[in-house]
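Let's walk through this one by way of its domains, the interface where they meet, and the ligand. Have the structure open as you read.

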Amino acid sequence: MATFKFSVLPGDYIGPEVMEVALDVLKTACGKEGHKLDYTVCAVGGAGIDKFGKALPDQTVETCRNSDAILFGSVGGPKWEHLPSNEQPERAALLPLRKIFKLFANIRPGLLYPQLADASPLKTERIPNGIDIVCIRELTGGIYFGEKKTFTNPDGETAASDTMSYKVSEIERIAEVAAKTAMARGKKVCSIDKANVLETSVLWRKTVSEYFRKNFPEIELSHLYVDNAAMQLARDPNQFDVFFTENMFGDILSDEMAVICGSLGMLCSASLGIGKNSIGLKFGLYEPAGGTAPDIAGKGIANPCAQILSSALMLRYSFGEDALASRIEKAVRDTVCSGIRTADIAFGMKAVSTKEMGEAIKSRL
Ligand code: IPM
Ligand code: MN
């Protein structure tokens with residue numbers, strides 16, 4: 001019997017709708033084991049702007065600091081699009097959270113059940129067994145967080161620059177996450193860079209090669225240039241098992257992977273930090289890969305699976321409850337594969353509502 005202490009940041013549009021159902025499923029799953037949930041709901045994103053004038057209100061950060069994990073919904077939408085880009089919910093909430101909590105490792109499972117193969121834009125014969133790969137993205141370094149400026153050249157022309165840099169220690173720690181993920185799977189890792197052009201990638205490739213040779217000789221390590229990797233992912237995603245890359249490349253490749261895996265409503269993610277939480281495990285932020293879907297918000301039809309699966313990742317990484325996490329993942333899989341589907345994955349079947357999906361998953365726990 002344990003108590004899981006976390007912050008809940010539902011965010012905007014469908015964020016709160018799918019969060020409500022995910023918390024309900026989480027309560028049922030944990031309750032069966034006698035575990036308790038101790039969570040605090042905080043405003044973030046557009047909700048933070050509306051309530052406190054800021055996408056990431058100070059009290060939200062404070063509450064997160066006093067938690068062992070953050071369960072995040074989705075932020076942003078048309079209501080706040082008129083704001084300057086550095087005040088918009090996505091950039092002004094997510095990027096500072098990553099930096100403050102040193103969430104350097106973004107883990108995104110690219111999972112497509114064979115029964116959902118129709119949801120992928122790839123021809124079904126290319127993915128007869130669905131898709132099962134993992135994308136690991138470095139999340140607190142590189143061009144996202146390097147020096148940025150807009151300036152006037154000596155000739156009077158306006159210019160801007162962003163700087164990309166990586167330290168050996170930053171590369172090694174993300175290589176370690178990739179290696180440990182691969183050890184629990186197929187012991188196969190692909191590192192993705194642009195070492196034919198970028199200095200940071202030359203260092204990346206050298207550091208990764210040495211790190212694996214020294215620490216994980218049993219893992220089959222390969223390297224790809226990012227342009228080729230983008231092509232390979234679209235051609236035959238299952239040639240990868242675990243792939244990992246720097247921040248900007250990872251931003252792009254993880255979206256490519258998401259679309260190949262079909263519905264955004266099914267994809268979850270974990271962003272893990274450096275330090276340990278109060279129970280000696282990893283602090284992390286857990287969020288669905290899809291956005292706030294303003295077009296379907298308020299209709300009660302959004303797919304809650306990605307949010308539910310994100311909460312399963314929270315149990316696994318931040319609370320050490322691997323078996324319980326697997327049970328939730330299996331309940332989601334069984335539900336979807338038995339033909340109970342929200343509209344985004346219904347393909348002609350009768351679609352159920354967000355809440356009905358949650359109830360169906362609960363009944364399979
Ligand atoms: C993501 C998003 C963010 C990113 C944006 C919203 C800042 O696209 O999590 O992939 O670029 O990292
Ligand atoms: Mn992105």
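Start with the overall layout: the centres of domain 1 and domain 2, taken over C-alpha atoms, sit 24 Å apart. Keep in mind that this is a predicted model. The domain assignment puts residues 1–116 together with 263–365 in domain 1, while domain 2 covers 121–260. Where the two touch, domain 1 puts in 20 residues and domain 2 puts in 24.

How much area do domain 1 and domain 2 bury between them? The figure is about 1900 Å², and 64% of it falls on carbon and sulfur atoms. On the domain 1 side, the residues that lose the most area to domain 2 are Phe104, Arg108 and Leu112, which together make up 34% of what that side buries.

Now for the polar side of the story. Side chains of opposite charge can pair when their charged atoms come close. Between domain 1 and domain 2 the count is one salt bridge, against 20 in the structure. Asp255 and Arg108 form a salt bridge through their side chains, at 4.0 Å from N to O. That pair ties together distant parts of the chain, since Asp255 belongs to helix α8 (residues 247–260) and Arg108 to strand β4, with their positions 147 residues apart in the numbering. Polar contacts add to the picture: seven residue pairs across the interface of domain 1 and domain 2 qualify, both partners being at pLDDT 80 or more.

Which elements supply two or more residues to the side of domain 1 that touches domain 2? They are α4 (89–100), β4 (105–112) and β11 (268–276). Of these, β4 gives the most, with eight residues. Sorted by type, the residues on this side of domain 1 come out as 13 nonpolar, three polar and four charged.

Finally, have a look at ligand 1. Around it you'll find Glu90, Leu95, Arg98, Arg108, Arg137, Tyr144 and Asp251. So Arg108 turns up again here, having already appeared in the salt bridge with Asp255. Several side chains reach oxygen atoms of the ligand. Arg98 has a polar side-chain atom 2.7 Å from an oxygen of ligand 1, and for Arg137 the corresponding distance is 2.8 Å. For Tyr144, an N or O atom of the side chain lies 2.5 Å from an oxygen atom of ligand 1.

Conventions: Residues numbered from 1 in each chain as written. Chains lettered and ligands numbered in written order. Predicted model: local features only at pLDDT ≥ 70, side-chain atom pairs only at ≥ 80, totals over all residues. Heavy atoms only, no water. Domains from an automatic or database assignment. Contact = heavy atoms within 4.5 Å. Buried area = accessible area lost by both parts, 1.4 Å probe. Polar contact = N/O pair within 3.5 Å; in protein donor to acceptor, adjacent residues only side chain to side chain. Helix = DSSP H or I, 4+ residues; strand = E, 2+ residues; numbered from the N terminus. Nonpolar A, V, L, I, M, F, W, Y, C, P; charged D, E, K, R; others polar. Near = heavy atom within 4 Å.
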